[in-house]
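Here's a quick briefing to read with the model open. Have your viewer ready and follow along topic by topic.

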Amino acid sequence: MSGAKLVPNIPIVEGIPIPPTTSKDEGSWVRPETADDVNNPASSRWYLKAQASALRSGQYIGMTLHYLASPRPPNPSFTLTIPSLLSKYKGTFTLQFYTPKGYQDAAKHGKRYPTVVNFHGGGFTIGNGTDDARFARYVLDTCDAVFVSVDYRLAPEYPFPTAVDDAADALFYIIRQSADLHIDPMKLATSGFSAGGNIAITATLRFNEHLKELADPENKAPPVPEHKIRAIATWYPVTDYSVSRAEKRATCVKPEHTLPPTMTNLFDGSYLYPGDIKMDHPWLSPTRASDEELKEAIPQNVLVYTCEWDMLQKEGEAFAKRLAAEPLNKTVHHRMIPGVPHGWDKSPDPLKPAMHTQEVSSWHPSASPSSASLPPPPPGSPSPIYPTSNPLVANRNSKSSRSSTPPLSSAEAAIKNYNFDPAIVKAYGSPEELAKAEDVDLVVVGTRVDVHYSNIKPLLEGWKATSTSKERGVYSEWPLASNLTQVEELIALAKETGVNLKTTVVGTQGWASPVVQKVVGELLKGGKIGKVLSSELRLSGLTAEREAVQEKTEYFIKREVVIDLLQSALGEFEPTSLKGHFHIQRPLVPLKDSTGAITRTVTSNVPDLVYVTGSLPASDTVQRNAALHLRMRRGPPFPGEPAFVWSITGEKGEIRVTSPESVAIILGAGEVKVEVHDYQTDEVEEVEWKWEGRR
């Protein structure tokens, strides 16, 4: 092997190398540099073709059985055969189109659809574009998007980099023909499983390189329409061929569950050809691509799912961490699915319910990272199973003390409404009951703020009593509780209980708003108005009426209001500069039922008028001692005025953000207008933008 360092003697169990139990120097592993180092000795191309043909026949039988599992996947709506332009192996390949309801009337209404371009798995050697049809159905149902599955050409007939070339060709074709296909080229995503996960990543690298070639003035190719690839979603991808299969198996927690050497040898021998191909080629091993290549080509949002018993788990996790870290700073969502092997979702057992993901709702090309809620699936649609750190196995709905529906009944109704499998997803009536459940490792608290404390505290106490907390965690929506005393108590209890700190997190609301992070943040960083001199936020609302409150929103007058938008965009307040005035103008608040009748009167302990002033420290975008002023009041605004008005005054201009809804920016919905006043031209420009993920 060229320049390779030999591995020390390693025990072999059923043909699989098993590492010693003592620690060892990872540098002692063989690190192949070329395809010849991997395929040593190399099989003849004729022999590989015969093997591939036999395996494809077996795979056809397996996928036929997989297709028979209930519920059956959809068939493609139509197919297109397109030419190969980038590959040295000229020819054609097929695109399988799955289209959502209403697509046939798209031309009549002028509608353009977001599109997911998918690549099937199979070691670049077997498989076809219909293998991920169940995933296609889920995209259609939850994203209202077109799903295009690429039947790229397979090895050994078409070795590296044919699959990557075909993938890039598919992207260029879809973008160039987007008008005829009723596709929105500004809302694209790639996805893939196993080898297809590799292609979902490397296709963007190949695509970006060809874009640079097209930018050459001497290139006579037709221009590429404006487009944007917004996300990549990969399931158990191969990302690093510079690590040997022996090392991958030996460092896997369950090497006996990995793909057998006979299969991986066929895959590697077929695709890694000719022998002088470098294993660190970025189109082969995206982990080895340069920071510049990844920064330019990889979209901001990336999902990486790995399997605990998969030899590819570690490299997938390492790639996800690299994308998320400096200097790439991509928004990466990585999940390791415990207790499953590679390709766990493609079981050929027709009696076993098909498993597919609901995580697509958080990444699809029209989705916003801040979107937290999912619509119920259509009646009769398959029950989704979440492939996050754990499957969804428990559900408990929180109800206020005055609700007529008990939490247990509400949880059972939610299971039915969302078509969850009752054999898997159980209903619980209290946090105490949930704490006793042995198969629950992560509890997500997305209830009303006023019951965060009453849900989390008994849960932590129950875990403490059973001494099972070290493997469990809690994710709570922001804010953690209604007041500082409750927050401090929960934090102390979590430390005492010893929960898993990796999965115990408090989420965000206003901080994650795309209006703040993308629109306002980019305007400030781009110097659109110069350095900030002052900022003012006027907020009216939270309740529809000035005097009375609906019973269902009674908790608005029993908790404190938290606003973090200003600090998210402009920075923290100078602590010594903070001054505030809090006033309860209407301490007695009538409560109304759904008919509008007043049922009772309660006493509010929350200010309905708040004034806060302060100043900011100097930064790249803020002048020292820039003034801040915040005014919030409960009830509707003056007629004709927006409920939300946020102005940021700078040296060269002013930004104004308005909305008729007081909490639209936090909730990620509703009309929000962003305007910029340029002092030099005295012109006001409206910044065009829209909620990603709202149709």
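In which sense do strand S9 and S10 pair, and over how many bridges? Strand S9 (residues 301-307) and S10 are parallel partners, joined over seven bridges. Keep in mind that this is a predicted model, where local features need pLDDT of at least 70, side-chain atom pairs count only at pLDDT 80 or more, and totals for chains, interfaces and linings use all residues. Residues are numbered from 1 along each chain as its sequence is written, and side-chain values use heavy atoms, with hydrogens and water left out.

**The eight-stranded sheet**

- Helices (H or I, at least four residues) and strands (E, at least two) are DSSP runs, numbered from the N terminus.
- Two strands pair if DSSP finds at least two bridges between them.
- The sheet is open, has eight strands in the order S3-S4-S6-S5-S7-S8-S9-S10, and its pairing is mixed.
- S3 and strand S10 (331-337) are the edge strands, each pairing on one side only.
- On average, neighbouring strands of this sheet are turned by 20 degrees against each other, direction ignored.
- At the S10 end, Asn-301 has Thr-331 in S10 as its bridge partner.

**Strand S4 and its partners**

- Strand S4 (residues 92-98) is mostly covered, with five of its seven residues buried; buried means under 20% relative accessible area, exposed over 50%, and partly exposed in between (1.4 Å probe, protein chains only).
- Strand S3 (residues 78-83) runs antiparallel to S4, and six bridges join the two.
- Within S4, Thr-92 is the residue opposite Pro-83.
- S4 also runs antiparallel to strand S6 (residues 146-151), this time with five bridges.
- Phe-97 has Val-148 in S6 as its bridge partner.

**Helices on the sheet**

- Helix H4 (residues 133-143) lies across S4, strand S5 (113-119), S6, strand S7 (183-193) and strand S8 (229-235), and runs at about 155 degrees to S6.
- H5 packs on the sheet too, touching S3, S4, S5, S6, S7 and S8, and its direction makes about 55 degrees with that of S4.
- Axes here are lines fitted to C-alpha atoms, for helices over the stretch in contact, and angles run from 0 to 180 degrees between N-to-C directions.
- H4 has nine of its eleven residues buried, so the rest of the structure largely encloses it.
- Among the buried residues of H4 are Phe-135, Tyr-138, Leu-140 and also Arg-134.
- Right after H4 comes Asp-144, with a positive phi near 50 degrees.

**H5 against H7**

- Two packed helices are described by the angle between their axes and the distance between the axes.
- For helix H5 (residues 162-176) and helix H7 (residues 195-214), the axes come within 8 Å and cross at roughly 65 degrees.
- That makes H5 roughly perpendicular to H7, on a scale where under 35 degrees is roughly parallel, over 145 roughly antiparallel, 65 to 115 roughly perpendicular and the rest oblique.
- The residues of H5 that meet H7 include Ala-167, Leu-171 and Phe-172, and on the H7 side they include Ala-203, Phe-207 and Leu-211.
- By class, this contact of H5 with H7 has twelve nonpolar, two polar and three charged residues; Ala, Val, Leu, Ile, Met, Phe, Trp, Tyr, Cys and Pro count as nonpolar, Asp, Glu, Lys and Arg as charged, and the others, Gly among them, as polar.

**Individual residues to click on**

- Contact means heavy atoms within 4.5 Å.
- Leu-48 sits in helix H2 (residues 45-68) and is buried, with a relative accessible area of 3%.
- Not counting residues up to four places away in sequence, Leu-48 touches Ser-43, Pro-156, Leu-266, Gly-269 and Ser-270.
- The C-alpha atoms of Leu-48 and Ala-155 are 9.0 Å apart, with their positions 107 residues apart along the chain.
- Asp-268 belongs to helix H9 (residues 261-271) and counts as buried at 3% relative accessibility.
- Leaving aside neighbours within four places in sequence, Asp-268 is in contact with Val-38, Asn-39, Tyr-241 and Arg-245.

**Strand S18**

- Strand S18 (residues 579-583) is hardly covered, with zero buried residues among its five.
- S18 and strand S21 (residues 609-616) run antiparallel, joined by five bridges.
- Phe-582 stands opposite Val-610 in S21.
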